[in-house]
Amino acid sequence: PNDSVAVVILNVDFVPKDTVALYGRLKTENIGLEKIIANVISNPHIRFVVLCGNDIRGHQSGRSLLCLHKNGINENHRIIDAPGAIPFIENLSEEAVNRFREQVTMVDLIGETNPSILNQRIDKLVSNDVDSFGEPFIAIQLKKASHEEITDKRALHSKIILNYMGKVKRRE
């Protein structure tokens with residue numbers, strides 16, 4: 001939890017050493033980026049994001065992440081100058097995006113697939129002594145589950161319950 005490096009893995013077979021705070025694969029230039037942003041800003045100790053491997057064809061999620069960090073989002077939540085097919089950040093606030101942009105330094109290793117070189121670059125970042133960025137930023141709040149029930153016994157569907165996501169389930 002106190003480590004300063006996160007690793008975003010594009011199209012490469014690579015697992016970083018356990019000296020990084022977190023790592024994961026990135027496939028899409030929208031929801032995938034939202035997950036990265038939310039996870040990174042929830043840990044203010046993360047100050048570097050390493051982006052490695054070959055970019056995802058069509059989505060260009062790696063280049064979209066670089067554009068998001070450099071340029072931010074416009075009033076429609078589109079990542080400015082992103083080359084991806086659908087580069088929109090719809091589930092996070094502009095404040096969360098700006099926090100990500102301020103908190104981390106991007107390390108662009110797009111195209112690098114050699115595990116030895118990747119580990120060397122990550123080790124160098126891990127050895128940096130950097131300060132925490134302050135308090136954690138919680139970008140996504142989970143709401144307590146609730147549901148609505150149709151209680152009129154005359155209704156044909158009186159045994160149906162709608163959960164908080166609008167999904168239908170039958171009452172026993």
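**Notebook: Glu29 and the sheet**

I started with the neighbours of Glu29: leaving aside residues up to four places away in sequence, Glu29 touches His59, Ser61, Ser64, Ile79, Gly84, Ala85, Ile86, Pro87 and Phe88. A reminder to myself: this is a predicted model.

Next I looked up where Glu29 sits, and found Glu29 in the loop that links β2 to α1 (31-41).

Which side chain of opposite charge is nearest to Glu29? I found Arg78, 8.3 Å away. Glu29 is buried and yet has no salt bridge. A salt bridge would need a side-chain nitrogen of Lys or Arg within 4 Å of a carboxyl oxygen, so Arg78 at 8.3 Å does not make one with Glu29.

I then checked polar partners. The side chains of Glu29 and His59 share a polar contact of 2.7 Å. I also noted that the Glu29 side chain reaches the backbone nitrogen of Ile86 at 2.5 Å.

On to the sheet. I traced 4 strands in an open sheet, ordered β2-β1-β3-β4 and paired in parallel. Why do β2 (22-25) and β4 (105-110) each have one side without a neighbour in the sheet? Both stand at the edges with a single partner strand, so that side is left free of a sheet neighbour. On average, neighbouring strands here are turned by 15° against each other, direction ignored.

I followed the pairing of β1 (residues 5-9) with β2: the two run parallel and are joined by 4 bridges. Ile9 has Arg25 of β2 as its bridge partner.

Last entry for today: helix α2 (residues 61-71) packs on the sheet, where α2 touches β1, β3 (48-53) and β4. The direction of α2 makes about 155° with that of β4.

Key: Residues numbered from 1 in each chain as written. Predicted model: local features only at pLDDT ≥ 70, side-chain atom pairs only at ≥ 80, totals over all residues. Heavy atoms only, no water. Pairing = 2+ DSSP bridges. Axes fitted to C-alpha atoms, helices over the stretch in contact; angles between N-to-C directions. Contact = heavy atoms within 4.5 Å. Buried < 20%, exposed > 50% of the residue type's maximum accessible area, 1.4 Å probe, protein only. Lys, Arg positive; Asp, Glu negative; His and termini not counted. Polar contact = N/O pair within 3.5 Å; in protein donor to acceptor, adjacent residues only side chain to side chain.
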